[in-house]
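Here is a relaxed walk through one protein model, helix by helix and strand by strand. Have the sequence and the 3D view open as you read.

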Amino acid sequence: PEAPDPLLDKQGTTRIQAISGTFLYYGRACDPCILPALNEIAAEQAKPTTDTIAKTEMLMDYLHTYPHAVIRYHASDMILKITSDAAYLVQPKARSRAAVHYHLGWHNSDRTNGTVDVLCQTLKNVVASAAEAETGGIYIGGKHACSMRAALEELGHPQPRTGSPFETDNNTAQGILNSKMRRKLSKSFDMRYWWMKDRINQGQFNLKWAPGKFNLADYFTKHHPPWHHRKMRYKYLQKLLSALSIMRTVSARVC
């Protein structure tokens with residue numbers, strides 16, 4: 001087996017933690033494209049190694065290349081729309097990463113607006129299947145969305161009575177949470193995931209399946225080569241697009 005990378009000293013550890021903490025706000029507020037990198041660096045910041053330095057320097061190079069990230073918002077019906085995705089076993093110690101994308105859109109329209117929030121985090125428990133990882137991502141996204149729905153209602157922006165549109169590209173997770181599939185091996189899923197099923201039954205969320213090429217959260221679940229980042233940035237940082245135009249523009253999906 002290969003020797004583990006040497007750990008950093010106290011000064012190096014503090015620097016890694018400072019970079020992670022500083023740019024976490026910037027990632028949530030201005031440039032969500034850096035969130036997958038921050039998620040991985042944050043997971044190692046307690047005991048960073050020389051490999052963590054390399055990841056941090058790559059992040060800093062990206063931020064220097066694109067210093068002026070802009071998210072453009074358009075006047076809309078203020079309907080909270082959510083997209084969830086998960087990458088199975090992509091993190092150390094058999095962990096998986098979940099991502100949830102939020103934007104405020106229009107009634108009966110597939111247009112996407114500027115990002116209002118993106119969650120990109122590691123699932124704390126080790127999941128036994130890709131479907132369980134997707135269900136975990138839906139749970140995390142729904143839990144975070146409850147306060148957002150309440151805030152919008154209080155501000156005078158009523159949400160659909162059928163629930164906020166919530167998309168996933170995993171048919172199994174969607175079928176289980178909507179009670180369209182019979183549970184067998186899925187009985188081992190973590191108990192807290194069934195919280196989401198109860199919220200769907202209460203009418204807070206309208207969980208739907210959508211093709212993976214339309215999934216706005218997929219980008220935040222895994223690492224991509226530089227050309228893919230350049231190709232996809234326009235979705236999150238520049239202009240308004242319809243699902244049809246996205247389908248015509250994106251010719252291949254990188255997993």
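A crossing of two helices is called left-handed if the near helix is turned anticlockwise from the far one by less than a right angle, and right-handed if clockwise. Helices (H or I, at least four residues) and strands (E, at least two) are DSSP runs, numbered from the N terminus.

What you see is a predicted model, where local features need pLDDT of at least 70 and side-chain atom pairs count only at pLDDT 80 or more, while totals for chains, interfaces and linings use all residues. Residues are numbered from 1 along each chain as its sequence is written, and side-chain values use heavy atoms, with hydrogens and water left out.

How confident is the model? The score here is pLDDT, the predictor's confidence in each residue, from 0 to 100. The chain's mean pLDDT is 88, with 91% of its residues at 70 or more. Treat residues 239-255 with care: pLDDT stays under 50 there, and the model has 40 contacts for them beyond four places in sequence. A contact means heavy atoms within 4.5 Å.

**Helix pairs**

Axes are lines fitted to C-alpha atoms, for helices over the stretch in contact, and angles run from 0 to 180 degrees between N-to-C directions.

| Pair | Angle | Axes apart | Citation |
|---|---|---|---|
| H2 (residues 35-44) and H3 (residues 50-65) | about 150 degrees | 10 Å | |
| H4 (residues 130-154) and H6 (residues 194-201) | about 55 degrees | 9 Å | |
| H1 (residues 10-29) and H3 | about 35 degrees | 11 Å | |

As for naming the angles, under 35 degrees counts as roughly parallel, over 145 as roughly antiparallel, 65 to 115 as roughly perpendicular and the rest as oblique. That's why H2 and H3 are roughly antiparallel to each other. Their crossing is left-handed. On the H2 side, the touching residues include Leu38 and Ile41, and on the H3 side Lys55 and Leu59. Sorted by type, the residues of this contact are four nonpolar, two polar and three charged. In that sorting, Ala, Val, Leu, Ile, Met, Phe, Trp, Tyr, Cys and Pro count as nonpolar, Asp, Glu, Lys and Arg as charged, and the others, Gly among them, as polar.

H1 also passes H3 in a left-handed crossing. Ile16, Ile19, Phe23 and Tyr26 of H1 meet Thr52, Ile53, Thr56, Met60 and Leu63 of H3. Which kinds of residue make up the contact of H1 with H3? Seven are nonpolar, two are polar and none is charged.

**The sheet and its helix**

Five strands make an open sheet in the order S3-S2-S1-S4-S5, with mixed pairing. S3 (115-122) and S5 (205-209) sit at the edges with a single partner strand each, so one side of each has no neighbour in the sheet. Two strands pair if DSSP finds at least two bridges between them. S4 (residues 164-168) and S5 pair in the parallel sense over five bridges, and Pro165 has Asn206 in S5 as its bridge partner.

H4 packs on this sheet, touching S1 (79-91), S2 (95-105), S3, S4 and S5. H4 also meets H6 in a left-handed crossing, with Tyr139 and Cys146 of H4 and Trp195 of H6 among the contact residues.
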